[in-house]
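Colleague: I should be grateful for a close look at the largest nonpolar core of this predicted model. Please describe which residues and elements build it, and then what surrounds it.

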Amino acid sequence: MTPAPALHEKPVDEKPVHEQAAAAKTGYTRAVLALGSNLGARNETLSEAVADLVDRPEVRLLAVSPIVQTKAVGGPTGQPDFLNMVISVETSLAPLELLKHCQSVENKHHRVREVHWGPRTLDVDVIVYGDLQSDDPVLTLPHPFAAVRAFVLFPWAQMDPAATLNGQPVAELAARAADFPDLKPFDGFGDFDGVPDGGAVEQP
């Protein structure tokens, strides 16, 4: 994404990790996932990633946001612009299981973690998981940077105008975020390696 500093740079291993209020296997919890890409055919990658994320029967797609184009935040300078979006899902996966699933989709799209906050083909973050609050260093919930990242908040508010985060309207948080002026809607055409061919639509 203009990346919120990617919270989950380190893959989750198979060892048991403490979780608060793991989801019951028979029930579904609503979660919001943020996706970003700034390498390769970014728009195509995001579309394929959404399909991959909801390919499992334990993850059901509820809503998809518009795509926005943003400058990279943090990491090496000179990175291509990011395309970012969010989706809402309901899932029977427990929080860490959902995180591992997101990372498996990143890996399918050749995500590498050699440079901290560096360019990447795909970044998938768990932003919220129901009302769960957790300070687990592997998966902190809500995502600790989401409340100040317009590239997450703005598309989220477009998808769900009534959404709140930490008790505050997501739309209001987006308007106050430092990166809000750099957002551009994206029409989805002519995109490769972070260089749109008429795909970035300037704000009026």
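Modeller: Of the 27 residues in the largest nonpolar core of this predicted model, the ones that touch the most other members are Leu33, Leu35, Leu53, Ile87 and Leu98. Two or more residues come from each of E1, H1, strand E4 (82-91), H2 and strand E5 (123-129). H2 gives the most, with 5 residues. Apart from this core lies another, of 22 residues, and Val68, Val86, Phe151 and Trp156 are among them.

Leu53 offers a useful point of entry. Leaving aside its neighbours within four places in sequence, Leu53 is in contact with Leu33, Leu35, Val59, Ile87, His101, Cys102, Val105 and Val124. Two of these partners, Leu33 and Leu35, also stand with Leu53 among the core residues that touch the most other members.

Leu53 is one of the buried residues of H1, a group that also holds Arg42, Asn43, Thr45, Leu46, Ala49, Val50 and Asp52. The length of H1 can be checked against expectation: its 12 residues should span 16 Å at 1.5 Å a residue, and the end C-alpha atoms are indeed 16 Å apart, which agrees.

The same check may be applied to H2. Its 14 residues should span 20 Å at 1.5 Å a residue, and the end C-alpha atoms lie 20 Å apart, again in agreement. The buried residues of H2 are Pro95, Leu96, Leu98, Leu99, His101, Cys102, Gln103, Val105 and Glu106. They pack against E1, H1, strand E2 (59-64), E4 and E5. Among these buried residues, His101, Cys102 and Val105 are in contact with Leu53. After H2 comes His110, whose phi is positive, near 65°.

H1 and H2 are also joined by charge. Lys108 forms a salt bridge with Asp52, with the closest N and O atoms 3.0 Å apart. This pair links distant parts of the chain, since Lys108 belongs to helix H2 (residues 95-108) and Asp52 to helix H1 (residues 42-53), 56 residues apart. The two partners differ in their surroundings: Lys108 is exposed, because its relative accessible area of 53% is over 50%, whereas Asp52 is buried, because its 16% is under 20%.

The structure holds 5 salt bridges, and two others deserve mention. Arg30 forms one with Asp160, the closest N and O atoms being 3.6 Å apart. Here too distant parts are linked: Arg30 is in strand E1 (residues 29-37), and Asp160 is in the loop between helix H3 (150-159) and strand E6 (164-165), 130 residues apart. Arg30 counts as partly exposed, at 43% relative accessibility. Glu58 forms a salt bridge with Arg56, and their closest N and O atoms are 3.2 Å apart. Both of these residues are partly exposed, Glu58 with a relative accessible area of 23% and Arg56 at 32% relative accessibility.

Ring contacts complete the account. Arg60 lies over the face of Tyr28, at 3.7 Å from the ring centre. There is 1 aromatic pair. Phe154 and Phe180 form this pair edge-to-face, at 5.9 Å centre to centre and with 65° between the planes. Phe154 lies in helix H3 and Phe180 in the loop between helix H4 (170-176) and strand E8 (184-185), so the pair ties together parts that are 26 residues apart in sequence. Phe180 is partly exposed, with a relative accessible area of 30%.

Technical notes:
Residues are numbered from 1 along each chain as its sequence is written. This is a predicted model: local features need pLDDT of at least 70, side-chain atom pairs count only at pLDDT 80 or more; totals for chains, interfaces and linings use all residues. Side-chain values use heavy atoms; hydrogens and water are left out. A salt bridge is a side-chain nitrogen of Lys or Arg within 4 Å of a carboxyl oxygen of Asp or Glu. Helices (H or I, at least four residues) and strands (E, at least two) are DSSP runs, numbered from the N terminus. Buried means under 20% relative accessible area, exposed over 50%, partly exposed in between (1.4 Å probe, protein chains only). A nonpolar core is a set of buried Ala, Val, Leu, Ile, Met, Phe, Trp, Tyr and Cys residues joined through side-chain atoms within 4.5 Å. Contact means heavy atoms within 4.5 Å. The expected span of a helix is 1.5 Å times one less than its number of residues. Rings of Phe, Tyr and Trp (its six-membered ring) pair if their centres lie within 6.5 Å; planes under 30 degrees apart count as stacked, over 60 as edge-to-face and the rest as tilted. A charge sits over a ring if NZ of Lys or CZ of Arg is within 6 Å of the ring centre and within 35 degrees of the ring normal.
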